[in-house]
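Student: I have a structure to look at and no idea where to start. Can we go through it together?
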Amino acid sequence: MADESPKPSAAISRTTRPMSEALLNEKWDRCLSSMLIRSGLGLSFGVVFSVLLFKRRAWPAFVGLGFGAGRAWEECDSSFKRAASPPKDGLRVIRP
């Protein structure tokens, strides 16, 4: 009978944000998948242009592959740099 008093339940506050390692893994996954998709699209456009316009030369396919990989690289680089800079939500940035 002594145990009948209600025990206070302390709500455990858990953050909904994932750990930094999970965030980093997510960014790398997004970067690699973007690299594969954009490189494949660039290569396929290069092959199509090579067959249709350039008498089946190899260089348009390689140029398309390079453009796709370069675009994915820049997008990935900007996503990693954006995480390193402090957030500027609602702040005015004064440039000299």
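Tutor: One definition to begin with: the expected span of a helix is 1.5 Å times one less than its number of residues. Keep in mind that this is a predicted model.

Student: Ok. How many helices and strands does the protein have?
Tutor: The protein has two helices and zero strands.

Student: What span does helix α1 reach, set against the expected one?
Tutor: Helix α1 covers residues 20-52, which is 33 residues. From first C-alpha to last it reaches 48 Å, close to the 48 Å expected.

Student: Which residues in α1 are buried?
Tutor: They are K27, C31, S34, S39, G42, G46 and S50. Across the protein, 15% of the 96 residues count as buried.

Student: Back to C31. What does the disulfide join it to?
Tutor: C31 is joined to C76, with an S to S distance of 2.0 Å. C31 lies in helix α1 and C76 in helix α2 (residues 59-84), so the disulfide ties together parts that are 45 residues apart in sequence.

Student: Is C76 buried or exposed?
Tutor: C76 counts as buried, because its relative accessibility is 13% and the cut-off is under 20%. C31 is buried too, at 8%.

Student: And why is the disulfide right-handed?
Tutor: The torsion about the S-S bond of C31 and C76 is about 100°, so the disulfide is right-handed.

Student: New topic. Where does UniProt place the "transmembrane region"?
Tutor: The unreviewed UniProt entry places that feature at residues 35-54. In the model, this stretch is 90% helix and 0% strand, with its end C-alpha atoms 26 Å apart.

How values were computed: Residues are numbered from 1 along each chain as its sequence is written. This is a predicted model: local features need pLDDT of at least 70, side-chain atom pairs count only at pLDDT 80 or more; totals for chains, interfaces and linings use all residues. Side-chain values use heavy atoms; hydrogens and water are left out. Helices (H or I, at least four residues) and strands (E, at least two) are DSSP runs, numbered from the N terminus. Buried means under 20% relative accessible area, exposed over 50%, partly exposed in between (1.4 Å probe, protein chains only). UniProt positions are given in the numbering used here, feature names are shortened, and annotations may be inferred rather than shown by experiment. A disulfide is a pair of cysteine sulfur atoms within 2.5 Å.
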